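The questions below work through one protein model, from its overall division to individual residue pairs. Each answer sets out its reasoning before it ends on the value or name asked for.

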Amino acid sequence: MERWFNVGKIVNTHGIRGEVRVISRTDFPEERYKKGNKLYIFRERDTEPIEVTVKSHRVHKSFDLLSFEGYDSINDVERFKGAMLKVPERQLGELAEGEYYFHEIIGCTVVTEGGETIGAVKEILTPGANDVWVVRREDGSEALIPYIDEVVLHVDPERKTIIIRPMEGLLE
């Protein structure tokens, strides 16, 4: 059974030339949305995904704007509103050492080098220079862990554990 991974959600159309506005949920939008790449549109009422080929990609405000080959007008893409864009696991590819897909990090238990459990990674923020992992603590509060070498010492996606060295003020 093929596993699928969310790339983004089509939230609206943009203009009249077949562009769609996407809220991305992908680790590497510039790679995922490269011209010629295959994406799969999952609509609620469909039993099979619709395969599309990326024709263009650009960023506008906080959205990714995509167009697909063969879908040249707003009338062609209107039906995709609310649909999810996904890729099959086989399209993920290998990453360099020290790089991880979001699905490998989310759900990992974060532990200090001293053995104190902080909580589990619930989401990943991508504000700029480095990612920030949002960790839900046992008391329901959140800790923000920057993904930098000084803090993240070891990541083991198979065992779903991350070992960190807390910096001054990090876990207050």
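Q: Into which two domains is the protein divided?
A: This is a predicted model, and its C-alpha atoms fill a box of roughly 60 × 35 × 30 Å along the principal axes. Within that box there are three helices and twelve strands. The division of the protein gives domain 1 (2-89) and domain 2 (100-162).

Q: How many residues does each domain give to the contact between them?
A: Taken over C-alpha atoms, the centres of domain 1 and domain 2 are separated by 29 Å. The contact takes six residues from domain 1 and four residues from domain 2.

Q: What share of the area buried between domain 1 and domain 2 comes from carbon and sulfur atoms?
A: Between domain 1 and domain 2 the count of salt bridges is zero, although the structure as a whole holds nine salt bridges. The area buried between domain 1 and domain 2 is about 410 Å², and the part given by carbon and sulfur atoms is 60%.

Q: In what order do the six strands of the barrel close?
A: The pairing in the barrel is antiparallel, and the twist from one strand to the next averages 50°. One of the pairs is made by strand β3 (residues 38-42) and strand β6 (residues 84-88), which are joined over three bridges. The six strands close in the order β1-β2-β5-β4-β3-β6.

Q: Which residue of β6 is the bridge partner of F42?
A: Strand β3 covers residues 38-42 and pairs with strand β6, residues 84-88, in the antiparallel sense, and F42 therefore lies at the last position of β3 while its partner is to be sought in β6. The bridge partner of F42 in β6 is M84.

Q: Is F28 buried or exposed?
A: F28 has its place in the loop between β2 (19-24) and α1 (29-32), and its C-alpha is 13 Å from that of I124, a residue 96 positions away in sequence. The relative accessibility of F28 is 17%. Because buried means under 20% relative accessible area, F28 counts as buried.

Q: Which residue of β12 is the bridge partner of T109?
A: Strand β7 (residues 109-112) pairs with β8 in the antiparallel sense over three bridges, and there the partner of T109 is A120. With strand β12 (residues 161-164), β7 pairs in the parallel sense over four bridges. In β12, the bridge partner of T109 is T161.

Q: Which residue in the hairpin of β7 and β8 takes a positive phi?
A: The hairpin of β7 and β8 has four residues between the strands. A positive phi near 100° is taken there by G115.

Q: Which residue of β10 stands opposite V134?
A: Strand β9 (residues 132-137) is joined to strand β8 (residues 117-125) by six bridges and runs antiparallel to it, with L125 standing opposite V132. Five bridges join β9 to strand β10 (residues 142-146), again in the antiparallel sense. These two strands form a hairpin with four residues between them, in which G140 has a positive phi of about 95°. Opposite V134 in β10 stands L144.

Q: Which three residues are linked in a network of salt bridges?
A: Side chains of opposite charge can pair when their charged atoms come close. K122 and E123 form a salt bridge in which the closest N and O atoms are 3.9 Å apart, and this distance counts because the cut-off is 4 Å. K122 is partly exposed at 32% relative accessibility, and E123 is partly exposed at 33%. The network links K122, E123 and E142.

Q: How far apart are the closest N and O atoms of R43 and D46?
A: R43 is buried, with a relative accessible area of 16%, whereas D46 counts as partly exposed at 26%. The two residues form a salt bridge, and the distance between their closest N and O atoms is 2.7 Å.

Q: What is the relative accessible area of D156?
A: R159 and D156 form a salt bridge with their closest N and O atoms 3.1 Å apart. R159 is exposed, with a relative accessible area of 66%, whereas D156 is buried. The relative accessible area of D156 is 11%.

Note on methods
Residues are numbered from 1 along each chain as its sequence is written. This is a predicted model: local features need pLDDT of at least 70, side-chain atom pairs count only at pLDDT 80 or more; totals for chains, interfaces and linings use all residues. Side-chain values use heavy atoms; hydrogens and water are left out. Two strands pair if DSSP finds at least two bridges between them. Axes are lines fitted to C-alpha atoms, for helices over the stretch in contact, and angles run from 0 to 180 degrees between N-to-C directions. Buried means under 20% relative accessible area, exposed over 50%, partly exposed in between (1.4 Å probe, protein chains only). Domain bounds come from an automatic or database domain assignment. Contact means heavy atoms within 4.5 Å. Buried area is the accessible area (1.4 Å probe) that two parts lose on being put together, summed over both. A salt bridge is a side-chain nitrogen of Lys or Arg within 4 Å of a carboxyl oxygen of Asp or Glu.
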